[in-house]
Amino acid sequence: MLFVVDAMKGRNGVGAYFQDLVAHLDGKVARAELVCPSLEEPHPCQGVSMPIPGDPTQRLFFPKMRELTALVWEMKPHVIVIPGPGIFSLGAYWVARKLGIPVCVTFQTDYDRLVQLYWGPRLAKLAGGLLNWLNRTLFRGSSAVATICESMIADARAAGARHPQLVGTPLGPEFVNRAPAPLAEPLDSVLYVGRLAAEKNLERFLAMAEQRPDCRFTVAGDGPLRPLVEEHARRLPNLHFLGWCSRERVVEQLDAHQVLVLPSSVEAFGTVALEALARQRLVITTPVCGINQWPALARVLTVAAADESLADTLARLQALTPAARRERAEAGRRAALAMNQGAVDGWLQVLQGCARQGAVLPKPRRSPTVAVLRRLSTHQARPGL
């Protein structure tokens, strides 16, 4: 199985999702490999990059198509998985179509809502239309479509997916294997982990820090709203800013706090909330977070009402008895571990079904472009081929 992802490894939810999934599939399939850009360990298929306009903390990477083609030819994967429209994903989709390999497309980002947040109405309409057209093209040419929450199944169908399948979200071993620290008392430390971007609605978290000087608040992450967070951290003695953190440090920070808050205005799932549950921590989400749509997880989350301040939501949690809070935190870890196992099992079913579609795909025609890319790659072969 080959996973080709545009998101930077470990830098956002999509990148972490596939990093964790591939780790869990190791030993359960003959071979699972992840191709995605990385700042720390550049992948051999990773080419030049440019900063994303408006967010210098993120970069747009271009694939080395000859290396990607060589990898696909050498692996001959039963399935190629791509997470929607992106330059890496589109390159992998093209190679798969040329070689007759089944493609599984995941649908896990609300592109319409995101472009509305970042661009004006006219440009958002144009960009949203282009992304929807690309999604429809990928859905029509794929053998399977998977999504991560119930509401996105309807969106996927509306975008042209014939039989979208619901899959869970896996967890990294850092969050699962290490025994969690007990939930401390009193409940007075609150954490945010994630991108510092418009869709995360950080203003609500910062307002909570200002309204509750009796509690300790920490922000871990990076993004275009970093100056806003830094300004509040200078002004508020109870607010600490860590910048971007490795996953190991995220585990440490979750263990050092009692509550994680996900204040997003757009959030297809919210992997960090699942990670916090796995660390036996209490979690506050907003109604838009896709994680709320999983009943077993919804029972252990605290969802802020639409007209409720996060400070009031925190007060609701503090009003629980210590025993009730511990019980919810322990139930949250059990639910997160069950989601993790169910996600891996669900993905194995999706991949097996997708692989079977290879028998009915049209026989691939010889492609001069693929042949040229293969010849080029033999002169500068990537390590391990």
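Visitor: Which strand does Val48 lie in?

Guide: Happy to start there, with the note that this is a predicted model. Val48 is exposed, with a relative accessible area of 63%. The strand that holds Val48 is β3.

Visitor: Which residues make the nonpolar surface patch, and what is its area?

Guide: Val48 is one of the residues in the patch, and patch members need over 30% relative accessible area. Val48 passes that cut-off because its relative accessible area is 63%. Together, Val48, Met50, Ile52, Leu60 and Phe62 make a nonpolar patch of about 390 Å².

Visitor: Which element gives the most to the nonpolar patch?

Guide: Among the residues of the patch are Val48 and Phe62. Two elements give two or more residues each, namely β3 (46–52) and β4 (55–63). With 3 residues, the element that gives the most is β3.

Visitor: What is the mean pLDDT of the protein chain?

Guide: A pLDDT of 70 or more is reached by 94% of the residues, and the mean for the chain is 89. Residues 379–385 have a pLDDT below 50. Beyond near neighbours in sequence, that stretch has 12 contacts in the model. The mean you asked for is 89.

Visitor: How many disulfides does the count come to?

Guide: Let's take Cys149 and Cys289 as examples. For Cys149, the nearest cysteine sulfur is that of Cys289, 10 Å away, whereas a disulfide needs the two sulfur atoms within 2.5 Å. Cys289 is likewise in no disulfide, its nearest cysteine sulfur being that of Cys149. The count of disulfides comes to 0.

Visitor: Is Cys149 buried or exposed?

Guide: The cut-off for buried is under 20% relative accessible area. Cys149 has 1% relative accessibility, so Cys149 counts as buried.

Visitor: Where is Leu171 found?

Guide: Leu171 has 0% relative accessibility and therefore counts as buried. Its contacts beyond four places in sequence include Asp20, His24, Leu274 and Asn340. Leu171 is found in the loop between β8 (165–166) and α7 (173–176).

Visitor: What separates the C-alpha atoms of Leu171 and Ala16?

Guide: Along the chain, Leu171 and Ala16 are 155 residues apart. In space, the separation of their C-alpha atoms is 8.7 Å.

Visitor: How many salt bridges does the structure hold?

Guide: Side chains of opposite charge can pair when their charged atoms come close. One of the pairs here is Glu199 with Arg195, at 3.3 Å from N to O, and both of these residues are buried. Arg226 and Asp222 also meet in a salt bridge, at 3.4 Å. The total for the structure is 14.

Visitor: Which residue forms a salt bridge with Arg212?

Guide: Arg212 is buried, with a relative accessible area of 15%. Its partner is exposed, because the relative accessible area of Asp214 is 51% and the cut-off for exposed is over 50%. The closest N and O atoms are 2.7 Å apart, and the partner of Arg212 is Asp214.

Visitor: Which residues do salt bridges that share partners join into one network?

Guide: Asp20 has a link to an earlier answer, as Leu171 touches Asp20. Leu171 also touches Glu275. The network joined by shared partners is made of Asp20, Arg247 and Glu275.

Conventions:
Residues numbered from 1 in each chain as written. Predicted model: local features only at pLDDT ≥ 70, side-chain atom pairs only at ≥ 80, totals over all residues. Heavy atoms only, no water. Patch = residues over 30% accessible without salt bridge, like charges linked within 9 Å, V, L, I, M, F, W, Y side chains within 5 Å. Areas by Shrake-Rupley, 256 points an atom, 1.4 Å probe, with all protein chains shown as cover. Salt bridge = Lys/Arg side-chain N within 4 Å of Asp/Glu carboxyl O. Helix = DSSP H or I, 4+ residues; strand = E, 2+ residues; numbered from the N terminus. Buried < 20%, exposed > 50% of the residue type's maximum accessible area, 1.4 Å probe, protein only. pLDDT = per-residue confidence, 0-100. Contact = heavy atoms within 4.5 Å.
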